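Me: Could you take a close look at one part of this model for me, and set it against the chain as a whole? I would like a careful, connected account rather than a list.

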Amino acid sequence: MFATFRNLAPALRLNGVNVLRHIHQKPALYDANMLQQQAFINGEWISAKSGKTFEVLNPANGEVVGVVPDMDLEDTEAAIKAACDAFHVWKDTTAKERSQILREWYNLLVKNQKEMAEILTLESGKPLAEANGEVVYGNSFVEWFSELSRQIRGDIVQSSVPSKKILVQHQPIGVVGLITPWNFPHAMITRKAAPALGAGCTVIIKPAEDTPLTAIQIVKYAQEAGFPPGVVNLVTSSRANTGPIGKLLCEHHLVAGISFTGSTAVGKILYKQCAQGVKRLALELGGNAPFIVFNSANLDKAVDGSITSKFRNCGQTCVSANRFFIQEKVYDEYVNKLVHRVKSLKIGDGSQEGVQLGPLVNEPQLHKVAEFVNDAVSKGAKILTGGKPATHLGKLFYEPTILTDIKEDMLVYNQEVFGPVISLIKFKTEKEALDIANSTDVGLAGYFYSEDVSQIFRVSNNLEVGMIGVNEGIISCAEAPFGGIKQSGLGREGSHLGMEDFTYVKYTCIGNLS
Ligand code: ADP
């Protein structure tokens, strides 16, 4: 099976030529023979039944870097049917078999890490160093769940009646739809698909319309790794077809559950759509992460953390710090250091050496960031640096920005800006900072810097979020549970909890034992 599949998928390196370099030189070169650009259903690389396609653009320069199938309901039905048929076989494989295929998938992803990162940069605009980091991070979930899939355990519980035995086991839920965003085109797929597959589920991946090429590569290596036909399916679609496809996945009687990462607005639509069939649902939605710098903080570390937490992926990260609360005694010193660092950030095409900040992913994103900054300025905010699009670099670049004099009625105060904008708020007391930080209906991540150990425990306990970085700006990893509280979502990804969304607990009572 391995050898046959290998022949089916065109290689990224053709006759030793790096395809992406080729694409850079000739932007129109999106020959399907060179870079896989099809969807994948039931073990076959296919086009949409309608024949329709949509273009994938490089956010750094607007060039077309791919053309992929614009699938619709008919194609999705086929994917669901294939995944359902495959489930009946896949669920009965041993954990060891599943673990070995996951490990092979991991090995292939590691082997092709460099090319994966280049494709990721090409379609998302993310600087190459960050794209590399994402691929390493994304791969780590496949490794982690290849190990964990062999650790799914049940229980034999002591019965209070001698003639009964109580058995508890975990079983795969069935076909799952994985709907993923463009900001982490690699990791958001592996973080869902690896535990689902390891648990014995079959998957239909619906990647974001901005970044399907990375998804295609991931699936290409899944195929090479030896997942049987129908176990891993990939449905690519334009934004226009996404709503109906999402609805079908949520409502179809053969789909057992949905795992979604994306905006809170879309998460709520899926929640409603899943209600009718009482489908299993995992939601990783937006946040409004506080970043608090207390008087006792090490300011250099706090500034480092601010930069990594805020400007990673140009601020387009759901765990990005959104509002920055700085205690009054250290406010001026922190702000001086921060402004200096932000002004030195190198912004440009992410594929170029040394670039730290790429473009925003698409026009709606650029408009959103500009709208938030303009709204704040119109209501009295002051710009310390940045504050406008960097049009000399391209259509989608926005200067890294710091705003002060933030007020409660501003969009940047209430909502996630999802862009390279820091909003600074001065506070006096710990209670005041906590009250403002918690005065939101979302709760994904939060960060604070303090060298006071009692304060560290106090604030960690009281911050209303699912994940906290104490003196640390980057917190996600395969071993830790990722997820939010309040309207930031349901369920946890990564860690040993990441498999729970994909299994049912089954209790079996064996009675009348003599
Ligand atoms: P963003 O606004 O940042 O693009 P979205 O939540 O809209 O974030 O997108 C995340 C994922 O959800 C993408 O794969 C997108 O195609 C998909 N999506 C968008 N709208 C819907 C919908 N109505 N139903 C299902 N999926 C959707």
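What follows is a close look at one residue, then at two loop positions, and then at the whole chain.

Me: Which residues does N139 touch, leaving aside those up to four places away in sequence, and is N139 buried or exposed?

Reply: This is a predicted model, and the values below are all computed from it.

N139 lies in helix α6, which runs over residues 128-148. Its relative accessible area is 1%, and because the cut-off for a buried residue is under 20%, N139 counts as buried. Leaving aside residues up to four places away in sequence, N139 touches Y106, L109, V110, Q113 and H186. With H186, one of these residues, there is also a polar contact, in which the side chains of N139 and H186 are joined at 2.9 Å. The picture of N139 is therefore that of a buried helix residue whose side chain takes part in a polar contact with the side chain of H186.

Two loop positions can be read beside it for their backbone angles. N42 is found in the loop between β3 (39-41) and β4 (44-46), and its phi is near 55 degrees, a positive value in a residue other than glycine. F418, whose place is in the loop between α14 (411-414) and β18 (421-427), likewise has a positive phi, of about 55 degrees, although it is not a glycine. As to accessibility, N42 counts as partly exposed because its relative accessibility is 40%, whereas F418, with a relative accessible area of 13%, is buried.

As for the setting of these residues, the protein chain holds 16 helices and 24 strands, and 58% of its 514 residues count as buried. For a compact globule of 514 residues one would expect a radius of gyration near 24 Å, and the protein chain has 24 Å, so the two agree. Taken along the principal axes, the box filled by the C-alpha atoms is roughly 70 × 70 × 40 Å. Among the contacts in the protein chain with a separation of 6 or more, 73% are between residues 24 or more positions apart. The accessible surface of the protein chain comes to about 20,800 Å², and carbon and sulfur atoms account for 53% of that area. Finally, the protein chain carries 50 positive and 53 negative charges, and the mean positions of these two sets are 3 Å apart.

Conventions. Residues are numbered from 1 along each chain as its sequence is written. This is a predicted model: local features need pLDDT of at least 70, side-chain atom pairs count only at pLDDT 80 or more; totals for chains, interfaces and linings use all residues. Side-chain values use heavy atoms; hydrogens and water are left out. Helices (H or I, at least four residues) and strands (E, at least two) are DSSP runs, numbered from the N terminus. The radius of gyration is taken over C-alpha atoms; the globule rule is 2.2 Å times the number of residues to the power 0.38. Buried means under 20% relative accessible area, exposed over 50%, partly exposed in between (1.4 Å probe, protein chains only). Contact means heavy atoms within 4.5 Å. Accessible areas come from the Shrake-Rupley method with a 1.4 Å probe; for residues, only the protein chains shown count as cover. Lys and Arg count as positive and Asp and Glu as negative; His and the chain ends are not counted. The place of a charge is taken as NZ of Lys, CZ of Arg, CG of Asp or CD of Glu. A polar contact is a pair of N or O atoms within 3.5 Å; within protein, one must be able to donate a hydrogen and the other to accept it, and residues adjacent in sequence count only if both atoms are side-chain atoms.
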